[in-house]
Amino acid sequence: MSAQILDGKAIALELRANIQAEVEKQVALGKKPPGLAVILVGEDPASQIYVRNKKIACEKAGFNDVSMVLPAETTQEKLLSIIDELNAREDVHGIIVQSPVPKHIDSEVVIERIDPKKDVDGFHPYNVGRLATRMPALAPCTPHGVMTMLAKTGIDLRGLNAVVVGASNIVGMPMTLELLNARATVTVCHSATKDLPSKVAEADILVVGVGIAEMVKGDWVKEGAIVVDVGMNRLESGKLVGDVEFDIAKEKASWITPVPGGVGPMTIATLLQNTLQAAYGVKA
């Protein structure tokens, strides 16, 4: 058996088209287009690429892009004052401070300074708490994008065994909450987990986000499992690979996400979806 591909690029394009149509509808009713502010502090090359991609996505969706790049020596106090100004602006509906920030800035303080109603990354404790209490508002983008992808399989997740490998605040923990809210039975694995292969082998749904190239071996995967690979790692050869050994896993899984072209495009599309929700109170 060879797995069907969960094509994140195609699903994201469909979602972005729906978002653009909703923006056009709302603007025709006399409302302002959604405004998204992405703040980049410093010159991290990967962050620069990500911010540029967000800018392009905003323009295509009909959003106002109010992003800014600040020098690496920007103080925490200055950054917080800029966030305060953006919180107060009626034309700004979403605010992101791109990670990583320079070491002299406390990222937790920064996240908590963003108005939860404009926290389109979904990282504010208020929004994570809403997700944990089954009253989601603005959900963390990558896990929510994964749920959109899983819905495309048409498979009912209720009662299935889900295994999440990785327990970060950005992916693993909110992914666990999303799957619990979908009534799956969830096991969370991390660096202290004993006998990881046996845990993976129990998964009807496997989500891996650890940032280690091909750490999860393909022969660990259960026959017929749905495999979602959140990782993206560049090998010395220059090849991009995920956290799962794709070539072997695809022969055992029923559905699998590719790298690249899987979860990555869904993160930006879900960011736009969150900004649309923050602006108009609707989801595409």
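Here is a walk through this predicted model, from its sheet to its core, one of its helices and its cysteines.

Let's begin with the sheet. Six strands make up an open sheet, and reading across it you meet them in the order β1-β12-β9-β8-β6-β7, with parallel pairing. The strands at the edges are β1 (4–5) and β7, each of which pairs on one side only.

Strand β6 (residues 161–165) is a good place to stop and look around. Four of its five residues are buried, so β6 is largely enclosed by the rest of the structure. On one side β6 pairs with strand β7 (residues 185–189), in the parallel sense and over five bridges. To get from β6 to β7 the chain passes through helix α7 (residues 172–181), and this β-α-β crossover is right-handed. β6 also pairs with strand β8 (residues 205–208), again in the parallel sense, this time over four bridges. If you want a single residue to click on, try Val 163: its bridge partner in β7 is Thr 187, while its bridge partner in β8 is Leu 206.

Further along the sheet, strand β9 (residues 226–229) and strand β12 (residues 255–256) run parallel and are joined by two bridges. Here Val 227 stands opposite Ile 256 of β12.

Next door to Val 227 in the sequence is Val 228, and that residue takes us into the core. The largest nonpolar core has 44 residues, and the members that touch the most others are Ile 19, Leu 150, Leu 179 and Val 228. Helix α10 (residues 263–280) supplies the largest share of this core, with eight residues. What does Val 228 contact, once its neighbours within four places in sequence are set aside? The list is Val 146, Leu 150, Leu 206, Val 207, Val 208, Thr 257 and Val 263. Leu 206 is a residue you've already met, as the β8 bridge partner of Val 163, and Leu 150 is another of the core members with the most contacts inside it.

Now for α10 itself. Of its 18 residues, 14 are buried, so this helix is largely enclosed by the rest of the structure. Its length checks out too: at 1.5 Å a residue, α10 should span 26 Å, and its end C-alpha atoms are indeed 26 Å apart. One residue to pick out in α10 is Gln 277. Is Gln 277 buried or exposed? With a relative accessible area of 19%, Gln 277 is buried, because the cut-off for that label is under 20%. Leaving out residues up to four places away in sequence, Gln 277 touches Ala 137, Leu 138, Val 282 and Lys 283. Just past the end of α10, Gly 281 adopts a positive phi of about 75°.

Finally, the cysteines. A disulfide is a covalent bond between the sulfur atoms of two cysteines. How many disulfides are there in this model? The count comes to zero. Take Cys 58, which is in no disulfide: the nearest cysteine sulfur belongs to Cys 141 and is 12 Å away. Seen from the other end, the closest cysteine sulfur to that of Cys 141 is in Cys 58, and 12 Å is too far for a bond. Cys 58 is buried, with a relative accessible area of 1%, and Cys 141 also counts as buried, at 4% relative accessibility.

Note on methods: Residues are numbered from 1 along each chain as its sequence is written. This is a predicted model: local features need pLDDT of at least 70, side-chain atom pairs count only at pLDDT 80 or more; totals for chains, interfaces and linings use all residues. Side-chain values use heavy atoms; hydrogens and water are left out. A nonpolar core is a set of buried Ala, Val, Leu, Ile, Met, Phe, Trp, Tyr and Cys residues joined through side-chain atoms within 4.5 Å. Buried means under 20% relative accessible area, exposed over 50%, partly exposed in between (1.4 Å probe, protein chains only). Contact means heavy atoms within 4.5 Å. The expected span of a helix is 1.5 Å times one less than its number of residues. Two strands pair if DSSP finds at least two bridges between them. A crossover is right-handed if, with the strands pointing away from the viewer, the path from the first strand over the helix to the second runs clockwise. A disulfide is a pair of cysteine sulfur atoms within 2.5 Å.
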